[in-house]
Amino acid sequence: MTQHDKLYRYLFENHAVRGELVTVSETWQRIMEHHDYPQPVKNLLGELLVATSLLTATLKFDGEITVQLQGDGPMSLAVINGNNKQQMRGVARVQGDVADDASLKDLIGNGYLVITISPEEGERYQGVVGLEGETLAACLEDYFMRSEQLPTRLFIRTGTVEGKPAAGGMLLQVLPAQDTQIDDFNHLATLTDTIKAEELLILPANEVLWRLYHEEEVTLYDPQDVVFTCTCSRERCAAAIKTLPEEEVDSILEEDNEIDMNCEYCGNHYIFDAMDIAALRNNASASDSHIH
């Protein structure tokens, strides 16, 4: 029995600590659908997706967040882009061989984690953190300690359910401006860390929380759906074409008879032929043309 992807928030009644629990299996599968990534890259994208969803839920605004890893290793880039509606998409770039047992360091080489937060209202913010931890979760915990000064723990699990890739995770965070005993927080984190991948990825959220915290009073809030959504469109591609020098566009048309704009995120192809380009240049509407 697979459940659809959902993000839950929960609160400990007797501790100033909040939690989140997310499953992103379907969304992860959609992200990988049009790509043939090596297994370690797939796993890292799954972890990045879990982390981005959990991070998005810690933000108190409408807007977007992008979490990306970049470096000089065989995987030069892995990025997940999401928003407060839990609409997610992602892509990785791989140049070079990736060993089956490649670690985060093996994949990225010398690199860093960049978190970009773009609220619909207000200032854009970017945080950069070196990859000092052995895992993505450790690097993000490091980021939280530096930027938010809020003790935060992430627990990321990937595996398979019914033969399909499955991923999920949990986050614990001390509530801001609350006097939480760090021992209590560490105790809750130790309990959370015992969650097995198969429990997190298969069981209903209330059952997971009961297994982990049956001696605690926990309030579980209504979930939010997590979905794969790509923001590409014919209009955006047309806008991109308009920014290119006309000679360049003409030479591509001459060579290929069309311009094929392929979205790396979802695999959609937007085809523009000479008539479409002429229409664009006349500012006529090309939106009723063909999409493949």
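Which residues line the largest cavity?

## The largest cavity

The model is predicted. One cavity of 30 Å³ or more is counted, and the space inside the largest cavity comes to about 40 Å³. Its lining is made up of Leu55, Thr58, Leu59, Ile65, Ile115, Ile117, Tyr143, Phe144 and Glu148.

By residue class, the lining of the largest cavity splits into seven nonpolar residues, one polar residue and one charged residue. Strand β6 (111-119) and helix α4 each contribute at least two residues to the lining of this cavity.

## The second largest pocket

The second largest pocket holds about 150 Å³ of space. There are 13 residues in its lining, and those nearest the centre of the pocket are Glu47, Thr135, Ala137, Ile156 and Arg157.

Two elements, α4 (136-147) and β8 (152-161), each give at least two residues to the lining of the second largest pocket. The largest share belongs to β8, with six residues. Helix α4 is thus named for the pocket lining and also for the lining of the largest cavity. In the pocket, six lining residues are nonpolar, two are polar and five are charged.

## Aromatic pairs

The structure contains four aromatic pairs. One of them joins Tyr10 and Phe12: the ring centres are 5.7 Å apart and the planes meet at 75°, so this pair counts as edge-to-face. Tyr10 and Phe12 are both buried.

Tyr10 also pairs with Tyr213, with ring centres 5.8 Å apart and planes at 40°, so this pair is tilted. Tyr10 belongs to strand β1 (residues 6-12) and Tyr213 to helix α7 (residues 205-213), so the contact ties together parts 203 residues apart in sequence. Tyr213 is buried, as is Tyr10. Together, Tyr10, Phe12 and Tyr213 make up one aromatic cluster.

## Arginines over rings

Two arginines are placed over aromatic faces. Arg89 lies over the face of Tyr265, 3.6 Å from the ring centre. Arg234 lies over the face of Phe272, and here the distance to the ring centre is 4.0 Å.

## Salt bridges between distant parts of the chain

How many salt bridges does the structure hold? The count is 13. In one of them, Asp225 is bridged to Lys6, and the closest N and O atoms are 2.6 Å apart. This pair links distant parts of the chain, with Asp225 in strand β11 (residues 224-225) and Lys6 in strand β1, 219 residues apart. Asp225 has a relative accessibility of 44% and so counts as partly exposed. Lys6 also counts as partly exposed, at 24%.

Another salt bridge is formed by the side chains of Arg93 and Glu264, at 2.7 Å from N to O. Arg93 is in strand β5 (residues 87-94), while Glu264 is in the loop between β13 (258-262) and β14 (269-273), so the pair ties together parts that are 171 residues apart in sequence. Arg93 is partly exposed, with a relative accessible area of 37%. Glu264, at 35% relative accessibility, counts as partly exposed too.

## A salt bridge within helix α4

Where do Asp142 and Arg146 lie? Both are in helix α4, four residues apart, which is about one turn of the helix. Their side chains form a salt bridge in which the closest N and O atoms are 3.3 Å apart.

Asp142 counts as partly exposed at 23% relative accessibility. The cut-off for buried is under 20%, so at 23% Asp142 falls outside that class. Arg146 is partly exposed as well, with a relative accessible area of 47%. Salt bridges with shared partners connect Glu132, Asp142 and Arg146 in one network.

How values were computed
Residues are numbered from 1 along each chain as its sequence is written. This is a predicted model: local features need pLDDT of at least 70, side-chain atom pairs count only at pLDDT 80 or more; totals for chains, interfaces and linings use all residues. Side-chain values use heavy atoms; hydrogens and water are left out. On a 1 Å grid over the protein atoms alone, a cavity is a set of points where a 1.4 Å probe fits but cannot get out, and a pocket is an open set with protein on both sides within 12 Å along at least five of seven lines; lining residues have an atom within 4 Å of a point. Grid points are joined across faces, edges and corners, and a volume is the space filled by probe spheres set on the points. Ala, Val, Leu, Ile, Met, Phe, Trp, Tyr, Cys and Pro count as nonpolar, Asp, Glu, Lys and Arg as charged, and the others, Gly among them, as polar. Rings of Phe, Tyr and Trp (its six-membered ring) pair if their centres lie within 6.5 Å; planes under 30 degrees apart count as stacked, over 60 as edge-to-face and the rest as tilted. Buried means under 20% relative accessible area, exposed over 50%, partly exposed in between (1.4 Å probe, protein chains only). A charge sits over a ring if NZ of Lys or CZ of Arg is within 6 Å of the ring centre and within 35 degrees of the ring normal. A salt bridge is a side-chain nitrogen of Lys or Arg within 4 Å of a carboxyl oxygen of Asp or Glu.
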